[in-house]
Amino acid sequence: MAALPAEMTAIGIREPGGPEVLVAEKRPVPQPGAGEVLVKVAAAGVNRPDVMQRMGHYPPPKGASDIPGLELAGEVVALGSGTTRWKVGDKLTALVTGGGYAEYCVVPEPQALPVPAGFSMVEAAAMPETFFTVWHNVFERGALKAGESILIHGGSSGIGTVAIMLAKALGARVFTTAGSVEKCEACKKLGADVAINYKTEDFVAVVKAETKDAGVNVILDMVGGDYITRNYISAAVEGRVVQIAFQDSAKANVDFRWMLGKRLTHTGSGLRPRSVADKGKMARAMEEKVWPLLNAGKVRPVIDSTFPLNEAAKAHARMESSQHIGKIVLSL
């Protein structure tokens with residue numbers, strides 16, 4: 001095995017601010033600790049939390065790398081003590097708590113998954129953050145089952161596109177919201193049964209009409225604010241509302257009578273602070289239930305665009321334009 005370099009190129013955050021504060025800099029190559037592997041990064045996904053971190057609103061958890069990047073794909077080049085599954089030369093995709101925007105990144109062994117059959121490294125890197133988020137929130141917390149219905153807000157986002165495909169592949173009726181005719185069409189192509197343009201239509205009215213007033217069983221929401229009461233009105237009796245972010249506001253005036261009347265469950269979770277053991281459990285569940293769909297080519301991540309690592313600022317500008325459909329990826 002070739003000796004590893006002492007230094008690598010990584011993307012640092014010069015100060016909180018716009019995309020231009022992302023700068024390429026030299027950093028020491030990290031060393032894998034117990035239960036970790038070192039990966040030579042081939043591609044890294046760009047996510048909304050990276051943007052929040054760059055703006056100073058989402059600091060990394062204690063002990064995590066200050067380099068942004070929560071997901072990657074690449075090749076194992078070194079092993080920490082006590083690792084059992086992966087060997088040097090293996091190709092994997094992984095969820096990380098930071099450090100993805102770099103030439104090398106340390107990965108906790110349980111958070112890694114094999115690259116699905118026939119997937120490029122760009123496609124593999126576009127998966128962990130969205131697939132872990134959707135799997136845990138829609139299917140574990142939201143308990144979506146075949147034959148039920150789901151409303152997915154932000155259907156053309158990285159999270160939204162994955163949620164549409166997985167919910168459809170696993171037998172649900174899928175409603176989604178998106179902000180343009182083009183984005184609604186893209187959602188339908190991915191399998192959405194009903195795509196609602198939230199700029200010109202009221203999703204509450206459309207859901208009521210389409211379900212004959214019954215409402216939907218599960219709602220995946222990253223908006224918050226005044227969507228909370230509207231979600232409650234749109235939910236079915238015994239419905240589950242799953243909150244994964246607050247792009248509008250984390251504070252709202254909510255009419256909780258809908259919760260009582262319909263016996264609703266409103267739950268939510270953030271992925272980044274969860275333990276390695278928790279994330280490992282999610283990874284094994286996905287390997288069992290979701291990876292067969294990927295290996296069979298039934299579900300594939302939607303790639304909007306790729307940028308070289310040193311153009312991370314352009315990738316962030318693309319994400320903030322909200323023009324993208326699917327995932328933005330940094331390719332090394």
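This report describes the overall build of one predicted protein model, then two loop residues and one helix.

**The chain as a whole**

The secondary structure of the chain comes to 11 helices and 15 strands. Along its principal axes, the C-alpha trace spans about 65 × 40 × 35 Å. A compact globule of 332 residues would have a radius of gyration near 20 Å, and the chain agrees with this because its own value is 20 Å.

Of the 332 residues in the chain, 53% are buried. Among contacts with a separation of 6 or more, 67% join residues 24 or more positions apart. The accessible surface of the chain is about 13,900 Å², and carbon and sulfur atoms account for 54% of that area. The chain carries 37 positive and 34 negative charges, and the mean positions of the two sets are 3 Å apart.

**Two residues with positive phi**

Most residues other than glycine have a negative phi. K212 has a positive value, and S322 likewise has a positive value. The table sets out the two residues.

| Residue | Phi | Loop | Relative accessible area |
|---|---|---|---|
| K212 | near 50° | between α6 (203–210) and β11 (216–221) | 76% |
| S322 | near 60° | between α11 (312–321) and β15 (327–331) | 35% |

Each residue sits in a loop that runs from a helix to a strand: K212 follows α6 and precedes β11, while S322 follows α11 and precedes β15. Are these residues buried, partly exposed or exposed? K212 is exposed, because its relative accessible area of 76% is over the 50% cut-off. S322 counts as partly exposed, because its 35% lies between the cut-offs of 20% and 50%.

**Helix α9**

Helix α9 covers residues 276–289, which is 14 residues. From its first C-alpha to its last, α9 reaches 20 Å, close to the 20 Å expected at 1.5 Å a residue.

Which residues of α9 are buried? They are K279, G280, M282, A283, A285 and M286. An α-helix has 3.6 residues a turn, so residues three or four places apart point the same way. In α9, the buried set includes K279, M282 and M286. Another run within the buried set is G280 and A283.

What covers these buried residues includes both strands and helices. The strands named are β5 (91–95) and β7 (112–114). The helices named are α3 (128–141) and α10 (291–295).

Notes:
Residues are numbered from 1 along each chain as its sequence is written. This is a predicted model: local features need pLDDT of at least 70, side-chain atom pairs count only at pLDDT 80 or more; totals for chains, interfaces and linings use all residues. Side-chain values use heavy atoms; hydrogens and water are left out. Helices (H or I, at least four residues) and strands (E, at least two) are DSSP runs, numbered from the N terminus. The radius of gyration is taken over C-alpha atoms; the globule rule is 2.2 Å times the number of residues to the power 0.38. Buried means under 20% relative accessible area, exposed over 50%, partly exposed in between (1.4 Å probe, protein chains only). Contact means heavy atoms within 4.5 Å. Accessible areas come from the Shrake-Rupley method with a 1.4 Å probe; for residues, only the protein chains shown count as cover. Lys and Arg count as positive and Asp and Glu as negative; His and the chain ends are not counted. The place of a charge is taken as NZ of Lys, CZ of Arg, CG of Asp or CD of Glu. The expected span of a helix is 1.5 Å times one less than its number of residues.
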